[in-house]
Amino acid sequence: MKQSSQTDMIRLLLNDRKKRMFKKEDLPKMFSKKETKKARHFHMSFDNYQSTPLYSLDNLSKALGVKKIFVKDESNRFDLNAFKVLGGTYAIAKLICKKMGKDIEEVDFNYIKKHAAEEIGNIPFITATDGNHGRGISWAANQLGQKAIVYLPMNSAKRRVEAIRETGAEAIVTDVNYDETVQIAIKKAKEIGGYMVQDTSWEGYTDIPTWIMQGYTTMGMEVIDQMALQGYESPTHVFLQAGVGGMAAAILGLFANVYKDKLPKAIIVEPNAANCIFTSAEINDGKPHNVEGDLKTIMVGLACGIPSPLAWPIIRDFSEMYLTCDDAVAARGVRIFANPLKRDPKIVSGESGAAGIGAFSIIMGLEDLEEVREVLGLDENSVVLFFNTEGDTDPVNYGEIIWNGKYRMPIKE
Ligand SMILES: Cc1ncc(COP(=O)(O)O)c(C=O)c1O
């Protein structure tokens, strides 16, 4: 494929391990309709529960040459500014239910609130985060009258740290990257006997990350209903950002269970500086592989070098393509969402939330990438779904991108 300076900003890899036909037993059981319904039912019991909006960007879809662009906007979930709280709250509730010997279907959020203290006492929740997961955990702990200790990697944005502290949690910024920060949190949890509530899995630690991923499916279930109300049975394509891969696997797992052979083509989006899923696909031995380094990217939510072993097989078996991109692509996405065409709605998106639309706009816009459009079947019949997974969680960088044009794309030759 011929390269120009803009096409250099993204790298693409077709997934040749995707299951083309699958049987019932291939469907990820942890995202069965029964399991995902439980998560949604629980979230619906929150006092401030509301489906987040599903926007249709009709003028943008015309400009980019597809039938529809839908954006599920998580920038205001439960009055926080990212989807992550869906996972943390569900995992903590499942943990408390397990201690009480109850099924989550028997309880609601108020019941959990009432009984959290007697089940957990003053044992704190401990986690590591790039910001969004930790904020979800600290918010949940605060709601339940519990304590949280949250570790963040070096160079974490001031606002992300403050947002965690505002909920009463202890927030500690380490001098190492995200993956090493997880290790520090694990050590602390062992030392003081706290509950480690992490959004990635490792050997012997699978219950909580499973529940966290199940919690994420609430936003996918909402999308299915919202699209149906607009007369769409399913999207043809979906762009899913990946850090450890939990969110992408949750949505793919849910969609596989619901849509089966009509599964939309999923494109997994990562930053170049932290592309552990892409690297695993490139090595192509079917196993997850790590990437190392400082993982420095403005897509902070995606800055993870170790794929979640629970998420990886689902991504490997059900995604269509892997994509890795420069920071400039995410910044372009932030600007696209913030500057709607004609009467399209404006969407406030953080860098991790906008990476997909940034990459998609390049795929649709560049002559050189016709082959990619053909392979993916992206054309005037396509109904493309994006998840804006966060709002402006780092308002300083958001301002730099929008007002000062920071992280510019190279000028088209
Ligand atoms: C805004 C945002 N989008 C996407 C992701 C990716 O989620 P996962 O790490 O489960 O792949 C994260 C993770 O923190 C995030 O904060």
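The lining of the largest cavity divides into nine nonpolar, nine polar and four charged residues. The model is predicted. The space in this cavity comes to about 250 Å³. Its lining counts 22 residues, and Phe-83, Lys-84, Gly-243, Gly-301 and Leu-302 are the closest to the centre. Helix 5 (132–143) and helix 9 (246–259) each supply at least two lining residues. Domain 1 (7–81 + 213–404) and domain 2 (85–198) both contribute to the lining, so the largest cavity lies between them.

Searching the whole structure gives three cavities of 30 Å³ or more. The second largest has a volume of about 40 Å³. Leu-80, Asn-81, Ala-82, Val-85, Asn-132, Arg-135 and Gly-136 form its lining. Helix 5 gives the most here, with three residues.

The table sets out the two linings by class.

| Cavity | Nonpolar | Polar | Charged |
|---|---|---|---|
| Largest cavity | nine residues | nine residues | four residues |
| Second largest cavity | three residues | three residues | one residue |

Next, a helix pair. Helix 1 (residues 33–43) packs with helix 3 (residues 85–100) at an angle of about 100 degrees. Their axes are 10 Å apart. Angles of 65 to 115 degrees count as roughly perpendicular, and helix 1 and helix 3 are therefore roughly perpendicular to each other. On the helix 1 side, the contact uses Glu-35, Lys-38, Ala-39, Phe-42 and His-43. Helix 3 meets them with Leu-86, Thr-89, Tyr-90, Ala-93 and Lys-94. By class, the residues of this contact are five nonpolar, two polar and three charged.

Definitions and conventions:
Residues are numbered from 1 along each chain as its sequence is written. This is a predicted model: local features need pLDDT of at least 70, side-chain atom pairs count only at pLDDT 80 or more; totals for chains, interfaces and linings use all residues. Side-chain values use heavy atoms; hydrogens and water are left out. Axes are lines fitted to C-alpha atoms, for helices over the stretch in contact, and angles run from 0 to 180 degrees between N-to-C directions. Helices (H or I, at least four residues) and strands (E, at least two) are DSSP runs, numbered from the N terminus. Angles under 35 degrees count as roughly parallel, over 145 as roughly antiparallel, 65 to 115 as roughly perpendicular and the rest as oblique. Contact means heavy atoms within 4.5 Å. Ala, Val, Leu, Ile, Met, Phe, Trp, Tyr, Cys and Pro count as nonpolar, Asp, Glu, Lys and Arg as charged, and the others, Gly among them, as polar. On a 1 Å grid over the protein atoms alone, a cavity is a set of points where a 1.4 Å probe fits but cannot get out, and a pocket is an open set with protein on both sides within 12 Å along at least five of seven lines; lining residues have an atom within 4 Å of a point. Grid points are joined across faces, edges and corners, and a volume is the space filled by probe spheres set on the points. Domain bounds come from an automatic or database domain assignment.
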